[in-house]
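Here's a quick walk through the packing and the charged pairs of this chain. Have the model open alongside as you read.

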Amino acid sequence: MKLNWLKRSIRTKLIVFLLLAIGLPMLASILATNARTERIVSDEAVRQASNLIYQGKTNLNNYFDMAYGTTLLPYNDTQFGDTLYKILEQGRDDYLSEQVVNRSLLSIGNSMKEIYQVYLHAAAAEKGYLVVKGNLKKAHQLEPYGSAIPETEMTKIDPAHQSHLYGMQTLPYYSPKPVITIHRKIVQVPSFKPIGTLAIDLTTEVIDDICRNLYDPGLEELYLLTEDGTIVYGPDERKRGKRLNEAWVREALAGGQTRGHQSYKEEGHSGIYVYERLTDNGMNWTLIKRIPDKLLQAGTRQVTAVNTFVLGCSLIVAAAAAIFVSFWITSPLKKLTGYVNRIQSGELDTDIRLTREDEIGILARRFRLMMETINNLVLREYRLELASKTNQLKALQAQVQPHFIYNALQSIGTAALQSGARDVYHLVMLLGKMMRYSMNTSESIVQLSQEIEHTQAYLELQKRRFGDKLAYEISMAPDTAALAVPRMVLQPLVENVFKHAFDPVGGQIRVWISTFRQGRHAAIQVEDDGPGIPEAKLQELRTLLDEIGKPEEQSLPSRREDGHIGLYNVMSRLRLHAGPDAEMKLESRPGRGLRITLLVPQHNGGGEPA
């Protein structure tokens, strides 16, 4: 193979080099981006499907919680009057008792609109009662009709099946319809002796509505399966109540995790399924959504096509730019080569004219000067041009870090200590401690002892400032030291005393701080003997603090311009970190001071507040 054309031409070499230098990385970028995009799109589809299935699980759990709660209605009012519970307990079957049974079953049947019929078996009376569409059927039955509840269980749920009349063939006759049945033993309290069995047939409309909103029919599949694979809900209504025994189903039901996703592959089908287990109320059902690969790849292909188009256009533009740059760089070289050929042929007075300002232009001008020197046969002048370039120095803006301030305060304190000024050293250390605590933004929740220590440093500084005009006492219950509270909620309250209750000119002030447990709350109390707050103003402050966290609270900023923004900020942060159970109580009597009590809820015996 002959590559002389490549060896002889700088332009060709430059074009080939630039195309390879630009094209290969961009092609690699296209391949890597498409592969990564395919993974991201698939992961995002799985994440969205998992979130949707989790929401469906939550809705189903809420629905079944309500249904299971309905089965507990026979236990209501067991102590008063002639009730269903007492009739079952006493084994009565007289006319009046049957009227009570009828009313009770009608009440249960009307408690949820999805209840199709209610069946009750009275063990002592050996009777079965069925209320369907407001009509009562009854028959002599030695045992409850249908499948029995396991001896160790109180409830049992039957998956989707056709309703029946529980062995009661009296008129009127009702056509069967798909239902889910919840069975519950009714036991005597406290002996737990069975005195009856209640069965509630629920229509499947609500379950169908919840499940239909969780997938795209025709493109995806959704199943609600019992632990043995019986279909409660599926895309094919004809298969409901039948067992699904495919390999991917067995794999999903056999897993020990309550949620997850897994790929599947079967003849003619492959994709990903996500699942959630419903384990409340003794259930062991599984909600499974299958997403075929063709649906996942549809989104991937669309994003990949867009990426390929954008990167392809970028590659074309880059290639055109590479060719343009190659011609722009090599064109003056071609011209200079032409001038050299003319000089070689004897035209020593050839005027070399290149207007370029780059290195090639400099070369052309130097070459022209050399030819002028040869033509004159005199070396007239050599000029040495010294190019001086000024460097612009970028000033680095040094940011003063907090540790620099701490070190500076430590140095000042050390110098004071060496000079014998122990009071100055003590004050500097107190200030350093306060600054370190207040500038630490890494912790939003601290121990109560840390808040007390910070506030004590603040009070000690004020004590050094005001002398005998200030007295304070701090009482912290030992079992409150490790309680969790939001940071910087105590010191602003103490600072509020100096702002509103203390006259530094001639007044005196006493401040009491105490902490103690109050139920599940950590109580922090700040009290002073200042002038107090008038009742009208106090009530206005209480109203303002109570409204913090409510929707209408957005209109409150104009009402906070009353000098008590400290109380508002503390309460706002307290509610933000500790939840709506946090409280701030204000108590005041004119001339007798103000008492502020913070109640910070604790969780798990003193854990971080909600």
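Helices here are DSSP runs of H or I with at least four residues, numbered from the N terminus. With that in hand, Gln462 is found in helix 11, which covers residues 448–466. Keep in mind that this is a predicted model.

So is Gln462 buried or exposed? Its relative accessibility is 9%, and the cut-off for buried is under 20%, so Gln462 counts as buried. Setting aside residues up to four places away in sequence, Gln462 touches Gly467, Leu470 and Phe498.

Phe498 brings us to helix 12. Seven of the ten residues in this helix (residues 491–500) are buried, so the rest of the structure largely encloses it. Besides Phe498, the buried set includes Gln491, Pro492, Leu493, Val494, Asn496 and Val497.

Now for the nonpolar packing. As a rule of thumb, nonpolar side chains in soluble globular proteins tend to be buried together. In this model, the largest nonpolar core has 51 residues, and those with the most contacts inside it are Leu105, Leu120, Leu224, Trp285 and Leu287. Helix 2 (residues 10–70) gives the most to this core, with eight residues. Apart from it lies another core, of 42 residues, with Leu459, Ile524, Ala582 and Leu586 among them.

What does Trp285 contact, leaving aside its neighbours within four places in sequence? The list includes Phe64, Ile157, Pro159, Ile180, Leu224, Leu225 and Val232. Thr226, Glu276, Arg277 and Leu278 are also in contact with Trp285.

Helix 2 has another side to its story. Leu24 lies in helix 2, and at 52% relative accessibility it counts as exposed, because the cut-off for exposed is over 50%. Leu24 joins Val16, Leu20 and Leu27 in making a nonpolar surface patch of about 340 Å².

On to the charges. The structure holds 18 salt bridges, and here are three of them, with the distance between the closest N and O atoms:

| Pair | N to O distance |
|---|---|
| Lys57 and Glu276 | 3.5 Å |
| Arg240 and Asp208 | 3.1 Å |
| Glu527 and Arg595 | 3.3 Å |

Take the Lys57 and Glu276 salt bridge (3.5 Å) first. This pair links distant parts of the chain, with Lys57 in helix 2 and Glu276 in strand 10 (residues 269–278), 219 residues apart. Both Lys57 and Glu276 are buried. Lys57 and Glu276 also belong to a network of salt bridges with Arg259.

Next comes the salt bridge of Arg240 with Asp208, at 3.1 Å. Here the partners sit 32 residues apart: Arg240 is in the loop between strand 8 (231–233) and helix 6 (247–254), and Asp208 is in helix 5 (residues 205–212). Arg240 and Asp208 are both buried.

The salt bridge between Glu527 and Arg595, at 3.3 Å, completes the table. Glu527 in strand 16 (residues 521–528) and Arg595 in strand 18 (residues 594–601) are 68 residues apart. Glu527 is partly exposed, with a relative accessible area of 24%, and Arg595 is partly exposed too, with 28%.

Last up, the cysteines. How many disulfides does a search of the whole structure find? Zero. Cys211 is buried, with a relative accessible area of 0%, whereas Cys313, at 31% relative accessibility, counts as partly exposed.

Terms used. Residues are numbered from 1 along each chain as its sequence is written. This is a predicted model: local features need pLDDT of at least 70, side-chain atom pairs count only at pLDDT 80 or more; totals for chains, interfaces and linings use all residues. Side-chain values use heavy atoms; hydrogens and water are left out. A nonpolar core is a set of buried Ala, Val, Leu, Ile, Met, Phe, Trp, Tyr and Cys residues joined through side-chain atoms within 4.5 Å. Buried means under 20% relative accessible area, exposed over 50%, partly exposed in between (1.4 Å probe, protein chains only). Helices (H or I, at least four residues) and strands (E, at least two) are DSSP runs, numbered from the N terminus. Contact means heavy atoms within 4.5 Å. Patches are made of residues with over 30% relative accessible area and no salt bridge: like charges are joined within 9 Å, nonpolar side chains (Val, Leu, Ile, Met, Phe, Trp, Tyr) within 5 Å. Accessible areas come from the Shrake-Rupley method with a 1.4 Å probe; for residues, only the protein chains shown count as cover. A salt bridge is a side-chain nitrogen of Lys or Arg within 4 Å of a carboxyl oxygen of Asp or Glu. A disulfide is a pair of cysteine sulfur atoms within 2.5 Å.
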